[in-house]
Amino acid sequence: MSDRLDSLLATPDAGGDHGHASLGGAPDVNRLAKILAKDGTNLLEFVAKVNKLYQEKLHKDPPFMTFVLVGVQSAGKSTIVERFMHAVLNIVQQGTGTRCPLDVTCIHDPKAEEPICDLSGQELLASGHRISLDETFRRIVEHNRNLGAHDRFSTKPLVLIFRSKDVQNMRFVDTPGIISNQGTGRD
């Protein structure tokens, strides 16, 4: 699949007569799944190539790939998101850190020398437009700690738009960890 994307990017007209690129059917999808299962680095390269194809050959906004991270408490879900973003943005701690979903849309912005953040949420005390990375982190941590102080979780997500020259166009939903202690549901 990666080779086909490379060949599409190398051609003057990716879409032939209709302006649409065909990436194949189920066999290509199955092959791609096997490749990605072997090496996560291929995923980042694939996303970059798809985004480049959309931007340069199809003259369209690149699609956002969405990754929903689900797992047991303290499994490293927030850390994975931060690795893709090259920034620390969510509470990371032993026990329960993330107490509500964090819905992050990453937008590649070559003009953003420093990350630019928009943060909102139905239960968030202070939303912010074009706030700094440090302020975004502070507000997300404060919100999760406030939920923890009241011994509760929330299904209402924090929504973060993260613009940076160092990210690919993609979307993550970082969910609270699954608690294995069924008796109390507490740390």
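In what order do the elements of the protein run from the N terminus on? In this predicted model, the order is α-α-α-β-α-β-β-β-α-β-β. The secondary structure thus comes to five helices and six strands.

Confidence should be looked at before the details. The mean pLDDT of the protein is 76, with 67% of its residues at 70 or more. Among the elements, strand E4 (residues 128-131) has the highest mean pLDDT, 94, and helix H1 (residues 2-10) the lowest, 53. Over residues 13-24 the pLDDT is below 50, although this stretch has 22 contacts in the model beyond near neighbours in sequence. Where pLDDT is low, the predicted coordinates should not be read in detail.

Turning to the chain as a whole, 40% of the 187 residues are buried. Of the contacts with a separation of 6 or more, 72% are between residues 24 or more positions apart. The accessible surface comes to about 10,900 Å², and carbon and sulfur atoms hold 52% of that.

The interior can be followed through the largest nonpolar core, which has 23 residues. Met85, Val104, Leu160, Phe162 and Phe172 have the most contacts inside this core. At least two core residues come from each of strands E1 (65-69), E2 (102-108), E3 (116-121), E5 (158-164) and E6 (170-174), and likewise from each of helices H4 (77-85) and H5 (133-149). Phe172 serves as an example of the packing: beyond its neighbours within four places in sequence, Phe172 is in contact with Phe67, Leu69, Val81, Phe84, Leu102, Asp103, Val104 and Cys106.

Nonpolar side chains also occur on the surface. Val68, Val70, Val72 and Ile178 form a nonpolar patch there, with about 370 Å² of accessible area together. Within this patch, Val70 lies in the loop between E1 and H4. Val70 has a relative accessible area of 57% and is therefore classed as exposed, the cut-off being over 50%.

Eight salt bridges are found in the whole structure. One of them joins Glu123 and Arg152, whose closest N and O atoms are 3.1 Å apart. This pair links distant parts of the chain, since Glu123 is in the loop between E3 and E4 and Arg152 is in the loop between H5 and E5, 29 residues apart. Both partners count as partly exposed, Glu123 at 25% relative accessibility and Arg152 at 33%.

Other salt bridges lie within helix H5. Arg138 pairs with Glu135, with 2.6 Å between the closest N and O atoms; the two are three residues apart, about one turn of the helix. Arg138 also meets Glu142 in a salt bridge at 3.6 Å, N to O, and here the spacing is four residues, again about one turn of the helix. Glu135, Arg138, Arg139 and Glu142 are linked in a network of salt bridges. Within the network, Arg138 is partly exposed with a relative accessible area of 41%, Glu135 is partly exposed at 21%, and Glu142 is partly exposed at 41%.

Two residues deserve a look for their backbone angles. Arg130, in strand E4, has a positive phi near 55° without being a glycine. Its side of the accessibility scale is exposed, at 54%. Asp151, likewise not a glycine, has a positive phi of about 50°. Asp151 lies in the loop between H5 and E5 and counts as partly exposed, at 42% relative accessibility.

Conventions: Residues are numbered from 1 along each chain as its sequence is written. This is a predicted model: local features need pLDDT of at least 70, side-chain atom pairs count only at pLDDT 80 or more; totals for chains, interfaces and linings use all residues. Side-chain values use heavy atoms; hydrogens and water are left out. pLDDT is the predictor's confidence in each residue, from 0 to 100. Contact means heavy atoms within 4.5 Å. A nonpolar core is a set of buried Ala, Val, Leu, Ile, Met, Phe, Trp, Tyr and Cys residues joined through side-chain atoms within 4.5 Å. Buried means under 20% relative accessible area, exposed over 50%, partly exposed in between (1.4 Å probe, protein chains only). Accessible areas come from the Shrake-Rupley method with a 1.4 Å probe; for residues, only the protein chains shown count as cover. Patches are made of residues with over 30% relative accessible area and no salt bridge: like charges are joined within 9 Å, nonpolar side chains (Val, Leu, Ile, Met, Phe, Trp, Tyr) within 5 Å. A salt bridge is a side-chain nitrogen of Lys or Arg within 4 Å of a carboxyl oxygen of Asp or Glu.
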